[in-house]
Amino acid sequence: MEKTEPVTSFDYKEAFSRNIGLLTEEEQLKLRDFTIAIPGMGGVGGAYLVSLVRQGFEKFKIADFDTFELKNFNRQYGSRMDTLGMSKATVMKEEALRINPNCAIEIFDA
């Protein structure tokens with residue numbers, strides 16, 4: 001089996017190339033310019049953020065004034081042992097940036 005070289009830079013066009021067909025190339029590029037606000041990074045908001053980042057959106061305003069707790073584990077995307085007590089908005093911003101480092105995310109968490 002041939003070893004592939006690690007990706008060292010983010011290429012928007014390649015990362016979202018599988019969306020073409022569902023969207024035109026022009027429509028896909030337009031997604032980058034939309035700003036989406038998501039109130040709450042809990043059970044639904046966190047999943048929305050990750051899904052939208054994976055579709056190619058890059059600009060967000062996210063808000064959550066809560067921190068992750070053990071009782072969040074059954075339903076919240078960013079809830080893990082290493083995020084207990086951390087701001088939900090901050091954790092989810094970091095999660096989004098791991099997917100697409102070019103995202104511009106403004107957080108409101110306190």
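## Exercises on a three-stranded sheet and its helices

In this predicted model, the bridge partner of alanine 63 in strand E3 is phenylalanine 108. Let's start from that pair and work outwards.

### Exercise 1: From one bridge to the whole sheet

**Task.** Work out how E2 and E3 pair, and what the strand order of the sheet is.

**Solution.**

Step 1. Begin with the two strands. E2 covers residues 59–63, and its pairing with E3 is parallel, over five bridges.

Step 2. Now look at the other pairing of E2. E1 and E2 are also joined in the parallel sense over five bridges. Here you can pick out threonine 35, whose bridge partner in E2 is lysine 59.

Step 3. Put the strands in order. They form an open sheet of three strands, E1-E2-E3, with parallel pairing. E1 (35–39) and E3 stand at the edges with a single partner strand each, so one side of each has no neighbour in the sheet. On average, neighbouring strands of this sheet are turned by 15 degrees against each other, direction ignored.

Step 4. A general point helps with the faces: in a regular strand, side chains alternate between the two faces of the sheet. In E1, Ile36 and Ile38 make up the covered face, while Thr35, Ala37 and Pro39 make up the uncovered one.

### Exercise 2: Helices on the sheet

**Task.** Find out which strands H3 touches and which strands H4 lies across.

**Solution.**

Step 1. Take H3, residues 45–55. This helix packs on the sheet and touches E1 and E2, and its direction makes about 160 degrees with that of E1.

Step 2. Take H4 next. This helix lies across E2 and E3 and runs at about 170 degrees to E3.

Step 3. Place both in the chain. The protein chain has four helices and three strands, and from the N terminus on its elements run α-α-β-α-β-α-β.

### Exercise 3: The buried face of H4

**Task.** List the buried residues of H4 and explain why they line one face of the helix.

**Solution.**

Step 1. Check the length of the helix. H4 has 12 residues and reaches 17 Å from its first C-alpha to its last, close to the 16 Å expected at 1.5 Å a residue.

Step 2. Collect the buried residues: Lys88, Ala89, Val91, Met92, Glu95 and Ala96.

Step 3. Look down the axis. The buried residues of H4 fall within an arc of 160 degrees, so they line one face of the helix. The general background is that an α-helix has 3.6 residues a turn, so residues three or four places apart point the same way.

Step 4. Ask what that set of residues meets. The buried residues of H4 pack against H3, E2 and E3.

Step 5. Zoom in on methionine 92, which is found in H4. Methionine 92 is buried, with a relative accessible area of 0%. Leaving aside neighbours within four places in sequence, its contacts include Leu49, Val50, Phe68 and Tyr77.

Step 6. Finish at the start of H4. There, a side-chain oxygen of serine 87 comes to within 3.4 Å of the backbone nitrogen of alanine 89.

### Exercise 4: Two loop residues

**Task.** Decide whether aspartate 64 is buried or exposed, do likewise for asparagine 100, and find the polar partners of aspartate 64 and of asparagine 100.

**Solution.**

Step 1. Locate aspartate 64 in the loop between E2 and H4. Its relative accessibility is 11%; buried means under 20%, so aspartate 64 counts as buried.

Step 2. Follow its side chain, which reaches the backbone nitrogen of methionine 41 at 2.7 Å and that of aspartate 66 at 2.9 Å.

Step 3. Widen the view. Not counting residues up to four places away in sequence, aspartate 64 touches several residues, among them Gly40, Lys88 and Phe108. Aspartate 64 and methionine 92 are 28 residues apart in sequence, and their C-alpha atoms are 9.9 Å apart in space.

Step 4. Move on to asparagine 100, in the loop between H4 (88–99) and E3 (104–108). Asparagine 100 counts as buried, at 0% relative accessibility.

Step 5. Find its partner. The side chains of asparagine 100 and glutamate 58 are joined by a polar contact of 2.9 Å. Beyond residues up to four places away in sequence, asparagine 100 touches Phe10, Tyr12, Phe16, Val53 and Glu58.

Note on methods
Residues numbered from 1 in each chain as written. Predicted model: local features only at pLDDT ≥ 70, side-chain atom pairs only at ≥ 80, totals over all residues. Heavy atoms only, no water. Buried < 20%, exposed > 50% of the residue type's maximum accessible area, 1.4 Å probe, protein only. Polar contact = N/O pair within 3.5 Å; in protein donor to acceptor, adjacent residues only side chain to side chain. Contact = heavy atoms within 4.5 Å. Pairing = 2+ DSSP bridges. Axes fitted to C-alpha atoms, helices over the stretch in contact; angles between N-to-C directions. Expected span 1.5 Å × (residues − 1). Arc of directions from axis to C-beta.
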